[in-house]
Amino acid sequence: MATPKEQMVKVIEAQPEDSSYDEILRELAFARMIDRGLADSDTGRTISNLEMQERIRSWQS
């Protein structure tokens, strides 16, 4: 598995040459969110769509 630094370099190198600092930071943050979500899924830290639907409904009332 790649180190965090290697993963960051890969994301940065995949960006167009004219990418702004903010665009690169957004891509790095997005990649991190994906990694965290996959780790949560691998360890069973997820909820069903039905549970999420119920939570959203409770916020709306």
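The accessible surface of the protein chain amounts to about 5600 Å² in this predicted model. Carbon and sulfur atoms account for 56% of that area. Of the 61 residues in the chain, 7% are buried, where burial requires a relative accessible area under 20%.

The secondary structure of the protein chain consists of three helices and zero strands. Read from the N terminus, the order of elements is α-α-α. The chain is more spread out than a compact globule, because its radius of gyration is 17 Å, well over the 10 Å that the globule rule gives for 61 residues. The C-alpha trace spans about 45 × 30 × 10 Å along its principal axes.

Two residues illustrate the spacing between distant parts of the sequence. Ala29 is placed in helix H2, a segment that covers residues 21-42. Between Ala29 and Met8 there are 9.9 Å from C-alpha to C-alpha, at a sequence separation of 21 residues. Ala29 is classed as partly exposed because its relative accessibility is 38%, a value that falls between the limits of 20% for buried and 50% for exposed residues.

A nonpolar patch on the surface is formed by Phe30, Met33, Ile34 and Leu38. Together these four residues contribute about 420 Å² of accessible area. One of them, Met33, lies in helix H2. Met33 has a relative accessible area of 55% and is therefore exposed, the cut-off for that class being over 50%.

Charged side chains also gather on the surface. Glu17, Asp18, Asp22, Glu23 and Glu27 make up a patch of negative charge. Among these residues, Glu17 is located in the loop that links helix H1 (4-13) to helix H2 (21-42). Glu17 counts as exposed because its relative accessibility reaches 80%.

Over the whole protein chain there are 8 positive and 12 negative charges. The mean position of the positive charges and that of the negative charges are separated by 7 Å.

In summary, the predicted model shows a chain of three helices without strands, in which 7% of the residues are buried. Its surface carries both a nonpolar patch that includes Met33 and a patch of negative charge that includes Glu17.

Technical notes. Residues are numbered from 1 along each chain as its sequence is written. This is a predicted model: local features need pLDDT of at least 70, side-chain atom pairs count only at pLDDT 80 or more; totals for chains, interfaces and linings use all residues. Side-chain values use heavy atoms; hydrogens and water are left out. Patches are made of residues with over 30% relative accessible area and no salt bridge: like charges are joined within 9 Å, nonpolar side chains (Val, Leu, Ile, Met, Phe, Trp, Tyr) within 5 Å. Accessible areas come from the Shrake-Rupley method with a 1.4 Å probe; for residues, only the protein chains shown count as cover. Lys and Arg count as positive and Asp and Glu as negative; His and the chain ends are not counted. The place of a charge is taken as NZ of Lys, CZ of Arg, CG of Asp or CD of Glu. Helices (H or I, at least four residues) and strands (E, at least two) are DSSP runs, numbered from the N terminus. Buried means under 20% relative accessible area, exposed over 50%, partly exposed in between (1.4 Å probe, protein chains only). The radius of gyration is taken over C-alpha atoms; the globule rule is 2.2 Å times the number of residues to the power 0.38.
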